[in-house]
Amino acid sequence: INKDGALILQPADGSPPVPIAMAQIKTLERPKPPGGWKFGGNVTAGASKETGNTNTEKYSLIGNLTISKLPHEVKLYAEFHKEWAKNKLSKDNGLGSATYKRFLTNKWFVFGNGTAQMDKFKELDLLGSVAAGPGYQFWRSQQKNLSAKIGPAYGYEKYTKPMDFLGGKDQRNYFAGYWALDFDMWFFDKFFQIFHHDDFLYSFQDSTNWTVRTRTGVRIPMVMKLFASFQFNYDYDNQPADGKDKWDQSWTFGLGWAF
């Protein structure tokens with residue numbers, strides 16, 4: 001405060017001090033520290049084993065991680081599934097994806113996404129794609145979230161052996177269109193949460209080449225950060241490997257930990 005009773009503010013950037021009359025000051029608050037990166041997500045594991053007349057083992061692991069500091073947001077997802085029937089491997093697949101979102105406004109954002117999937121019993125070494133484009137955040141809160149993304153993409157497929165539908169080749173790549181929807185919402189004062197994801201990849205070079213993936217489920221909090229989870233997976237490939245079905249579906253029950 002100077003001799004005239006004015007408050008002298010010294011800007012942090014080194015510019016000249018700014019006098020402010022005391023009559024103009026309504027409140028004084030400490031400056032808030034800059035916001036840091038926020039982390040959140042969950043991990044779910046499921047396992048079962050039966051012996052005797054039935055001899056099976058099933059294991060699954062699903063993980064989500066969100067890292068954000070607006071206007072930036074990064075989401076990572078991974079899942080792995082393995083099963084044995086009578087000591088013989090009967091399921092072996094995995095999926096991973098990473099999505100970056102850069103918000104331009106409270107609702108609009110641009111994104112980049114990379115996804116990779118493998119499935120030993122579909123003769124699939126790799127089904128991969130990268131995509132980018134605009135997106136829209138309809139809802140964003142701790143209670144509910146809904147967003148949609150659309151844009152051009154590049155797809156790549158690699159099989160364990162040459163395929164007749166590929167003319168004797170074991171791989172192909174193509175330009176495509178990409179769509180994805182993400183939704184989650186708590187109900188009845190966080191009694192349970194419903195979540196859903198779907199994505200669609202459509203080749204611009206072959207209209208019969210397209211895939212759809214959906215992940216839908218329920219999480220029910222138990223004690224502390226422990227929760228029970230049920231997830232239904234449905235994959236549809238309109239051009240699968242020779243002799244394979246176009247669709248696969250699975251149900252996963254497990255226990256999870258939120259962080």
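Strands are DSSP runs of E of at least two residues, numbered from the N terminus. The model described here is predicted.

**The second largest pocket**

This pocket has a volume of about 360 Å³. Of its 22 lining residues, Asn93, Asp119, Lys122, Asp248 and Gln249 are the closest to its centre. Which strand gives the largest share of the lining? Strand S6 does, with 6 residues. S6 spans residues 88–103. Strands S5 (72–85), S7 (108–119), S13 and S14 (247–258) also supply at least two residues each.

**The largest cavity**

The structure holds 3 cavities of 30 Å³ or more. The largest cavity has a volume of about 60 Å³. Its lining includes Gln117, Lys122, Leu124, Thr211, Arg213 and Tyr236. Three strands each supply at least two lining residues: S8 (124–140), S12 (210–221) and S13 (226–237).

Here are the two linings by class.

| Space | Nonpolar | Polar | Charged |
|---|---|---|---|
| Largest cavity | 4 residues | 2 residues | 4 residues |
| Second largest pocket | 4 residues | 8 residues | 10 residues |

**A nonpolar patch on the surface**

A nonpolar surface patch covers about 950 Å². Among its residues are Val43, Leu61, Phe80, Met222, Trp257 and Phe259. Val43 sits in strand S3, residues 38–50. Why does valine 43 count as partly exposed? Its relative accessibility is 37%, and partly exposed means between the cut-offs of 20% and 50%.

Technical notes. Residues numbered from 1 in each chain as written. Predicted model: local features only at pLDDT ≥ 70, side-chain atom pairs only at ≥ 80, totals over all residues. Heavy atoms only, no water. 1 Å grid on protein atoms, 1.4 Å probe; cavity = no way out; pocket = protein on both sides within 12 Å on 5 of 7 lines; lining within 4 Å. Points joined across faces, edges and corners; volume = space filled by probe spheres on them. Helix = DSSP H or I, 4+ residues; strand = E, 2+ residues; numbered from the N terminus. Nonpolar A, V, L, I, M, F, W, Y, C, P; charged D, E, K, R; others polar. Patch = residues over 30% accessible without salt bridge, like charges linked within 9 Å, V, L, I, M, F, W, Y side chains within 5 Å. Areas by Shrake-Rupley, 256 points an atom, 1.4 Å probe, with all protein chains shown as cover. Salt bridge = Lys/Arg side-chain N within 4 Å of Asp/Glu carboxyl O. Buried < 20%, exposed > 50% of the residue type's maximum accessible area, 1.4 Å probe, protein only.
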